[in-house]
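Please open the model in your viewer and keep the selection panel within reach. The stops below run from the whole chain to single residues, and each one says what to select and what is found there.

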Amino acid sequence: MMLLGFGQSPRESRMMARLPFLAILCAVLFVSACALPRSGPNKNEILAGAVEQGGDAHVVYVNNRVARAANFTPSYGFSSSFMQAGSVGADEIRPGDVLGLSIWENVDDGLLASLGQSSTDLQQLQVDSDGYIFVPYAGRVRAAGSTPDQLRRTITGRLATQTPDPQVTVQRVAGDGATVSVMGKVFGQGVYPIERPTRTLAAMLARAGGVNVAPEVAVVTVKRGNETGRVWLSDLYFNPSYDIALRPGDIILVEEDQRSFTALGALGGQTKVPLGNEEVNAIEAIAMVGGLSSATADPTGVFLFRDEPSTVASAVLGRGVAGTTRIIYVLDLTQPNGIFLARDFIIRDGDTLYVTEAPYVQWQKILGAITGSAQTAANLQRIGE
């Protein structure tokens, strides 16, 4: 039998007995409110990180002027030195090339021919690093820089003083002197000679068997000395000016495009998304990951985190800045022109697209925590009774 406290009614006594459980409930609610799970910072927390609030990022609301200023997209292409380089003469002899000579003499017992023969074949004559070859009875002959026909006339002239009416033919076999290296995502990596059919970039890629990645994400890089140029494979095919003439020593690299942006927050998916070779705007970027989450997203809290080069940052902020600058762009899709602004805002490589949760979502979580905590406390109370 429960003894009642002095001056207490039975109801008051029951309330006093429940005080420990109410204390537990309050503690649980406090912890729940402070540590509720969420997908990331809320809108106010991001805005609090602005430079004006002591943070290290500029928060900029996107309007028509900002959209135009920020739409700088680094483009691929070749410099004028690549575009204006002339084709290598397919017949021009270079150091490292291999030549084949045939010499006919108009006598039975010639200088070079064996007894009873009228011709001599000299094969695998490699042009040395100084550009010379050695021909018996003609001596050391300068070959580099000449065409096979020019070299033929030179050798003929030297032999004519020692044997009557010599006839000479010169065949050039492309060797080490006029080659390019093709590597990366091609079916046939290797070192290829620059020959008459393969004097341009597209022809050389075809000679290497073509690319083994999807054409829309294939990037072709050409390194020539200290200079590098890069184009999309599709641009190479559709823009004849990009089909540059190759030079000896060029390195051609084919790789899959690695440009991407990251999508986080209250979206249909949270992932890293490749950009491909097409321009992608903010609306398309949101659609690529399943759109805004109808249950949790705040359409006024669409943020784009980006490191801007100084030229673009200066145009966006309206004042000169030095070096790379962190800018957080804010897109409010509820504004009358919000969708248009998002459609005009171009996503770039390395961007982070983040959508905050709507404020009521956190309240729903708090209420859920309260409901769950209250149920737990009630269960504890029943056990205590």
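Begin with the whole chain shown as a surface: the accessible surface of the protein chain comes to about 20,900 Å², of which 54% belongs to carbon and sulfur atoms, areas being obtained by the Shrake-Rupley method with a 1.4 Å probe, and for residues only the protein chains shown count as cover. This is a predicted model, in which local features need pLDDT of at least 70 and side-chain atom pairs count only at pLDDT 80 or more, while totals for chains, interfaces and linings use all residues. Residues are numbered from 1 along each chain as its sequence is written, and side-chain values use heavy atoms, with hydrogens and water left out.

**Whole chain**

Colour the chain by pLDDT, the predictor's confidence in each residue on a scale from 0 to 100. The mean for the protein chain is 83, and 81% of its residues reach 70 or more. Now select residues 1-6, where the pLDDT is below 50 and where the stretch has three contacts in the model beyond near neighbours in sequence, a contact being heavy atoms within 4.5 Å. Residues 14-19 also have a pLDDT below 50, and this stretch too has three contacts beyond near neighbours in sequence.

Switch to a cartoon, and 11 helices and 16 strands can be traced in the protein chain; these are DSSP runs numbered from the N terminus, helices being H or I of at least four residues and strands being E of at least two. Of the 385 residues, 40% count as buried, where buried means under 20% relative accessible area, exposed over 50%, and partly exposed in between, for a 1.4 Å probe and protein chains only. Among contacts between residues at least 6 apart in sequence, 65% join residues at least 24 apart.

**The six-stranded sheet**

Next select strands 1, 12, 13, 14, 15 and 16, which form an open sheet in the order 1-15-14-16-12-13 with mixed pairing; two strands are taken to pair if DSSP finds at least two bridges between them. At the edges are strand 1 (58-61) and strand 13, each of which pairs on one side only. Neighbouring strands of this sheet are turned by 25° against each other on average, direction ignored, with axes being lines fitted to C-alpha atoms, for helices over the stretch in contact, and angles running from 0 to 180 degrees between N-to-C directions.

Which strands does strand 12 pair with, and in which direction does each pair run? Strand 12 and strand 13 (residues 271-274) run antiparallel and are joined by four bridges, with a hairpin connecting them through five residues, and Ser 260 stands opposite Pro 274 in strand 13. Strand 12 and strand 16 run parallel, again with four bridges, and here Thr 262 stands opposite Thr 352 in strand 16. Move on to strands 14 and 15, which run antiparallel and are joined by seven bridges; Phe 303 stands opposite Val 330 in strand 15.

**Helix 9 and the core**

Add helix 9 to the selection: this helix lies across strand 1, strand 14 and strand 15, running at about 45° to strand 15. Then show the side chains of the largest nonpolar core, which has 33 residues, those with the most contacts inside it being Val 62, Val 316 and Tyr 329. A nonpolar core here is a set of buried Ala, Val, Leu, Ile, Met, Phe, Trp, Tyr and Cys residues joined through side-chain atoms within 4.5 Å. Helix 9 gives the most to this core, with four residues. A second, separate core of 26 residues includes Phe 78, Met 204, Tyr 242 and Ile 252.

Centre the view on Tyr 329 and, leaving aside its neighbours within four places in sequence, look for its contacts, which include Val 60, Val 62, Ala 70, Phe 303, Arg 306, Val 316 and Phe 345.

**Single residues to finish**

Select Gln 124 in strand 3 (residues 119-126). Phi of Gln 124 is near 55°, a positive value in a residue other than glycine, and Gln 124 is exposed, with a relative accessible area of 62%. Tyr 137, in the loop between strand 4 (132-135) and strand 5 (139-142), has a positive phi of about 70° although it is not a glycine. Most residues other than glycine have a negative phi.

The last stop is Ala 287 in helix 8, which counts as exposed because its relative accessibility is 54%.
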